[in-house]
Amino acid sequence: MNIPTNLKYTKDHEWVSIDGDIATVGITDFAQKELGDIVYVEVETLDQTLDRDEVFGTVEAVKTVSDLFLPLTGEIIEFNDALEETPETVNSDPYGGGWMVKIKISDNSQIEDLLSSEDYSALIGA
């Protein structure tokens, strides 16, 4: 199981990369394997400010649709447009080209509530 140590994680199986006040968000390797072949990623919250744990989009796999929850309060400033044409990138490269959104973080103190790679490994039993 691929769980990069330089990222933060949520109990909802999202990863977060922090660069100043910008967070890049995607779903974990574990999540994409559980979902199976991803056929569509929908984010209709671009340019909106949402609270932590609010739904910011959905990811659709062959057999299911799953909500995506915002890991930190902030404004969604960018969507990975490449996923419109190649949503399967989330399966093949979840921590790289499969990123989903970038957020301008409103409350940096929430970063402390995210899981470390060790905590996430324990959560999924890896």
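This is a short walk through the structure above, from its overall build to a few individual residues. Keep in mind that the model is predicted.

Let us begin with the whole chain. The protein contains four helices and nine strands. Followed along the sequence, these elements come in the pattern β-β-β-α-β-β-β-β-β-α-α-β-α. With 126 residues, the protein has a radius of gyration of 13 Å, close to the 14 Å given by the globule rule, so it is as compact as a globular protein of that length. If you rotate the model, you can look for its extents: along the principal axes, the C-alpha trace spans about 35 × 35 × 20 Å. Buried residues make up 48% of the 126. On the outside, the protein exposes about 6400 Å², and 42% of that area is supplied by carbon and sulfur atoms. Among the contacts with a separation of 6 or more, 61% join residues that are 24 or more positions apart.

Next, look for the sheet. Six strands form an open sheet in the order E1-E2-E3-E9-E8-E5, and their pairing is antiparallel. At its edges are E1 and E5, each of which pairs on one side only. In general, strands of a sheet pair through backbone hydrogen bonds, in either a parallel or an antiparallel way. Inside this sheet, E2 and E3 make an antiparallel pair over six bridges. One place to see the pairing is Val 16, whose bridge partner in E3 is Val 25.

Strand E9 is a good place to pause, and Ile 105 lies in it. Is Ile 105 buried or exposed? With a relative accessibility of 8%, Ile 105 counts as buried, because buried means under 20%. Its surroundings help to fill in the picture. Leaving out neighbours within four places in sequence, Ile 105 is in contact with Ile 18, Gly 20, Asp 21, Ile 22, Ala 23, Leu 72, Thr 73, Gly 74 and Ile 111. Take Ile 18 from that list: 87 residues separate Ile 105 and Ile 18 in sequence, while their C-alpha atoms are 9.2 Å apart in space.

Now for the charged side chains, where the count comes to three salt bridges. In one of them, Lys 104 meets Asp 21 at 2.5 Å, N to O. Lys 104 belongs to strand E9 (residues 101-105), whereas Asp 21 sits in the loop between strand E2 (14-19) and strand E3 (22-27), so this pair ties together parts 83 residues apart in sequence. Lys 104 is partly exposed, with a relative accessible area of 38%, and Asp 21 is partly exposed too, at 30%.

Another salt bridge joins the side chains of Arg 52 and Asp 113 at 2.7 Å, N to O. This pair also links distant parts of the chain: Arg 52 is in the loop between strand E5 (49-50) and strand E6 (55-61), Asp 113 is in the loop between E9 and helix H4 (117-124), and they are 61 residues apart. Arg 52 is partly exposed at 30% relative accessible area, whereas Asp 113 is exposed at 51%.

The remaining salt bridge pairs Asp 29 with Lys 33 at 3.3 Å, N to O. Both residues lie in helix H1 (residues 29-35), four residues apart, about one turn of the helix. Asp 29 is buried, with a relative accessible area of 8%.

From H1 we can move on to helix H4. Which residues of H4 are buried? They are Ser 117, Tyr 120, Ser 121 and Ile 124. Viewed down the axis of H4, these buried residues fall within an arc of 105°, so they line one face of the helix. They pack against strand E1 (8-9) and H1. On the face turned away from the buried side, H4 carries the exposed residues Glu 118 and Ala 122. Just after H4 comes Gly 125, which takes a positive phi of about 70°.

One last stop is Thr 58, in strand E6. Thr 58 is buried, with a relative accessible area of 18%. Not counting residues up to four places away in sequence, Thr 58 touches Tyr 40, Val 41, Glu 42, Val 65, Ser 66, Asp 67 and Leu 68.

How values were computed
Residues numbered from 1 in each chain as written. Predicted model: local features only at pLDDT ≥ 70, side-chain atom pairs only at ≥ 80, totals over all residues. Heavy atoms only, no water. Salt bridge = Lys/Arg side-chain N within 4 Å of Asp/Glu carboxyl O. Helix = DSSP H or I, 4+ residues; strand = E, 2+ residues; numbered from the N terminus. Buried < 20%, exposed > 50% of the residue type's maximum accessible area, 1.4 Å probe, protein only. Arc of directions from axis to C-beta. Contact = heavy atoms within 4.5 Å. Rg over C-alpha atoms; globule rule 2.2 N^0.38 Å. Areas by Shrake-Rupley, 256 points an atom, 1.4 Å probe, with all protein chains shown as cover. Pairing = 2+ DSSP bridges.
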